[in-house]
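Open your viewer and get your selection tool ready. We will make a few stops, and at each one you will hear what to select and what is there.

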Amino acid sequence: MLRFSAQRVSSSSSTVTVADVSAWSPEPFGREQERNTTMKRAFITGITGQDGLYLAELLLSKGYKVFGLMRGQNNPKRELLERVIPDVEILTGDLTDLSSLMRAMSVAKPDEFYNLGAISFVAYSWENAHLTSEVTGMGVLNALEAVRLHTAATGQQVRFYQASSSEMFGKVQTVPQNEDTLLWPRSPYGVAKVYGHYMTINYRESYGMHASSGVLFNHESPRRGPEFVTRKVTRAVARISLGLQDTLTLGNIDAQRDWGFAGDYVEAMWLMLQQDEPDDYVISTGETQSIRVLLDHAFAAVGIDDWTPYVDFDEQFMRPAEVDLLVGDASKAKEKLGWEPRVKFPELVSMMVEADLREQKEIAGL
Ligand code: NDP
Ligand code: GDR
């Protein structure tokens with residue numbers, strides 16, 4: 001194994017605590033829009049994921065009746081859903097099974113359909129390219145078809161949100177990236193997302209569907225899956241500081257991402273579906289950081305200034321093709337939706353380290 005050398009970039013003190021995370025409650029962006037949503041019905045695929053949980057909480061807080069699609073006959077996350085969002089009605093189904101989506105639609109009868117379900121781990125998509133194409137790509141077609149067929153059968157109009165991704169920009173053709181930037185995906189996941197993105201636009205143009213696509217840049221939280229780099233780092237830092245782990249092994253720490261807070265980003269999803277006209281929007285902070293800077297902030301949060309003794313390199317975490325520099329321009333979302341990110345990167349990292357410290361102490365009985 002190789003050890004990284006640090007390129008020191010300023011770190012900042014923590015300003016957001018775990019208490020702030022649990023106390024996070026959305027300040028509405030548009031009070032007028034909020035008043036009009038009483039008793040609306042929403043259907044969310046990907047309800048067990050990071051965004052599904054935050055979005056369900058947001059919609060419940062606005063008075064929605066929320067339905068969530070959960071896959072598998074014994075999904076281990078059912079207990080989490082029942083504990084965190086007990087008011088959500090869970091329906092079983094799978095994005096690869098159109099008839100299951102149709103059945104769920106007939107129960108949920110949603111005014112709004114949020115398609116968040118996907119195989120979302122980019123690194124995994126090279127090893128499971130076909131499956132990723134089926135779920136993350138063709139799954140969008142199934143979701144759109146479920147909406148189209150439901151509307152044809154019942155006359156109910158359903159607004160549709162597709163979770164598109166900055167990964168579609170891949171080998172970036174302009175910096176920063178906006179809604180007009182040429183898409184050049186660099187992973188099977190990115191290619192599948194491009195398919196879903198254009199299929200969403202096609203259904204809007206072909207059938208007049210209120211279908212919007214949010215091109216979201218990376219967004220993180222204490223609920224982020226531990227396979228993603230931010231959570232992998234914050235969890236390891238918590239464990240290292242508690243003496244539960246010696247080192248952390250990473251791949252390309254020079255990659256740069258535009259990282260925001262998931263709680264902010266689900267508000268943008270909701271705002272898109274409150275507009276009279278469907279459209280596509282980039283959602284980002286406009287600031288990019290390398291993984292080196294992430295390491296600076298995360299280790300600083302536990303009082304460690306020099307992280308080099310704790311961080312190793314392993315080739316297995318390198319990707320066949322990398323997305324080197326992502327930074328978004330969300331000015332359209334700011335202008336048309338009135339949306340802006342609220343949590344800054346240093347606060348986000350502190351929030352995640354704090355949450356992981358608490359979780360690791362609990363697990364270890366400390
Ligand atoms: P997660 O990986 O946390 O959640 C993915 C969800 O998809 C899980 O609920 C998972 O269910 C579900 N899922 C997987 N396979 C299927 C399937 N075959 N049928 C139905 N559901 C399935 O992702 P996030 O919450 O972070 O992201 C939400 C969406 O936004 C995804 O589409 C992602 O690609 C996209 N996105 C995310 C960004 C981010 O930075 N977080 C940025 C841009 C886009 P299970 O728990 O059972 O596996
Ligand atoms: P990403 O997120 O691929 O941008 O996709 P991830 O956190 O996995 O990787 C970000 C960058 O970190 C580099 N990296 C490592 N990544 C992981 N996971 N593990 C490591 O050990 C490691 N070392 C370095 C990666 O090479 C990469 O450059 C996320 C997902 O949520 C997608 O679903 C979403 O569409 C995009 O964000 C926007």
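Start by selecting K332, and count the C-beta atoms around it: there are 17 neighbours inside 10 Å. Residues with 20 or more count as buried and those with 12 or fewer as exposed, so K332 is classed as partly exposed. Keep in mind as you look that this is a predicted model.

Now show the helix that holds this residue: K332 lies in α12, residues 331–337. Which residues does K332 touch, once its neighbours within four places in sequence are left aside? Add N178, E179, Y281 and V282 to your selection, as these are its contacts. For one of them, V282, try a distance label: its C-alpha atom is 7.4 Å from that of K332, although the two residues are 50 apart along the chain.

**Next stop: a pair of helices**

Select α9 (229–241) and then α11 (291–300). Their axes lie 10 Å apart and meet at an angle of about 30°. Angles under 35 degrees count as roughly parallel, so that is the label for α9 and α11. The crossing of α9 past α11 is right-handed.

To see the contact itself, show side chains for V229, T230, V233, T234 and V237 on α9, and for I291, L294, L295, A298 and F299 on α11. Try colouring them by class: 8 are nonpolar, 2 are polar and none is charged.

**Then ligand 2**

Stay with V229 for a moment, since it also belongs to the surroundings of ligand 2. Select that ligand and its shell of 23 residues; those that come nearest are S120, S165, V229, G251 and A255. Two elements give two or more residues each to this shell: α6 (122–127) and α9. Coloured by class, the shell shows 11 nonpolar, 6 polar and 6 charged residues.

**Last stop: ligand 1**

Which residues come nearest to ligand 1? Pick out G46, G49, G117, A118 and A163 from the 28 residues around it. Here the elements giving two or more residues are α3 (50–61) and β6 (159–165). Highlight α3, which provides the largest share of the shell, 3 residues.

Finish by colouring this shell by class as well: around ligand 1 you will find 9 nonpolar, 15 polar and 4 charged residues.

How values were computed:
Residues numbered from 1 in each chain as written. Chains lettered and ligands numbered in written order. Predicted model: local features only at pLDDT ≥ 70, side-chain atom pairs only at ≥ 80, totals over all residues. Near = placed C-beta within 6 Å. Helix = DSSP H or I, 4+ residues; strand = E, 2+ residues; numbered from the N terminus. Nonpolar A, V, L, I, M, F, W, Y, C, P; charged D, E, K, R; others polar. Axes fitted to C-alpha atoms, helices over the stretch in contact; angles between N-to-C directions. Parallel < 35°, antiparallel > 145°, perpendicular 65-115°, else oblique. Left-handed = near helix turned anticlockwise from the far one by under 90°. Contact = placed C-beta atoms within 7 Å.
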